[in-house]
Amino acid sequence: MFGFSNSRTDRVYSHFFASMAYNIHILGDYMSGNTVMTGLYDFDKLVGQIVTELRRLDNKNSKQLIKGITAINKQNISTTQKADELMLYLKQNTPQFLQKARGGELKRRLV
């Protein structure tokens, strides 16, 4: 995947991208465009999984991103609205996080 080798560091990167792709896909199922909301993974657990994966990749540099995720999740709005806001927030802020993650090593590895 992504040309990563089987080294420990590359396994961390592969796991992160596969897990986040899955989690973001599930987040999309909660968004306003979806009308069938049955059988979905618990929203709070999904947010927790996203936070966990960000921390695993880079605990220090993920703090600000996680603070924003937490703020969205604590809002007193519908889950659909939270999903819409969270998706937009991740689209706007995750690229900068990935550029800084692990001291820029991930960015160098992808370029």
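F43 is a good place to start: in this predicted model, F43 has a relative accessible area of 7% and is therefore buried, since the cut-off for that word is under 20%. Its ring has a partner, too. A search of the whole structure finds 2 aromatic pairs. In one of them, the rings of F16 and F17 sit with their planes at 75°, so this pair is edge-to-face. Y30 and F43 also form an edge-to-face pair. Here are the two side by side.

| Aromatic pair | Centre to centre | Angle between planes |
|---|---|---|
| F16 and F17 | 5.3 Å | 75° |
| Y30 and F43 | 5.1 Å | 75° |

What does the pair of Y30 and F43 tie together? Y30 belongs to the loop between α1 (8-29) and α2, whereas F43 belongs to helix α2, so the pair links parts that are 13 residues apart in sequence. Y30 counts as buried because its relative accessibility is 8%. F16 and F17 are both buried as well. Just before the loop comes D29, which is in helix α1. D29 is partly exposed, with a relative accessible area of 23%. Its C-alpha atom is 10 Å from that of F43, although the two residues are 14 places apart along the chain.

**Helix α2**

Now follow the helix that holds F43. Helix α2 covers residues 43-57, and because each of its 15 residues should add 1.5 Å, a span of 21 Å is expected; the end C-alpha atoms are 22 Å apart, which agrees. At the N-terminal end, D42 acts as a cap, with a side-chain oxygen 3.3 Å from the backbone nitrogen of D44.

Which residues of α2 are buried? They are F43, L46, V47, I50, V51, E53, L54 and L57. Looking down the axis of α2, you would find these buried residues within an arc of 160°, so they line one face of the helix. The other side of α2 has the exposed residues K45 and R56. A little helix geometry is handy here: an α-helix has 3.6 residues a turn, so residues three or four places apart point the same way.

E53 deserves a closer look. This residue of helix α2 counts as buried because its relative accessibility is 3%. Its side chain is joined to that of S19 by a polar contact of 3.4 Å. Setting aside neighbours within four places in sequence, E53 is in contact with H15, F16, S19, M20 and N23.

**Helix α3**

Helix α3 takes up residues 63-74, 12 in number, and reaches 16 Å from first C-alpha to last, close to the 16 Å expected. Its buried residues are L65, I66, G68, I69, I72 and N73. These cover an arc of only 160° around the axis, which puts them on the same side of α3. On the other side, K63, Q64, K67 and K74 are exposed. The cover over the buried residues of α3 includes α2 and α4 (79-100).

**The shared core**

How many residues does the largest nonpolar core have? It has 27, and those with the most contacts inside it are F16, L27, L54, L57, I69, L86 and F97. Each of α1, α2, α3 and α4 supplies at least two residues of this core. L86 shows some of the contacts: leaving out residues up to four places away in sequence, L86 touches L27, F43, V47, I69 and I72. That brings us back to F43, one of the residues L86 touches.

Definitions and conventions
Residues are numbered from 1 along each chain as its sequence is written. This is a predicted model: local features need pLDDT of at least 70, side-chain atom pairs count only at pLDDT 80 or more; totals for chains, interfaces and linings use all residues. Side-chain values use heavy atoms; hydrogens and water are left out. Helices (H or I, at least four residues) and strands (E, at least two) are DSSP runs, numbered from the N terminus. The expected span of a helix is 1.5 Å times one less than its number of residues. Buried means under 20% relative accessible area, exposed over 50%, partly exposed in between (1.4 Å probe, protein chains only). The arc is that of the directions from the helix axis to the C-beta atoms. A polar contact is a pair of N or O atoms within 3.5 Å; within protein, one must be able to donate a hydrogen and the other to accept it, and residues adjacent in sequence count only if both atoms are side-chain atoms. Rings of Phe, Tyr and Trp (its six-membered ring) pair if their centres lie within 6.5 Å; planes under 30 degrees apart count as stacked, over 60 as edge-to-face and the rest as tilted. Contact means heavy atoms within 4.5 Å. A nonpolar core is a set of buried Ala, Val, Leu, Ile, Met, Phe, Trp, Tyr and Cys residues joined through side-chain atoms within 4.5 Å.
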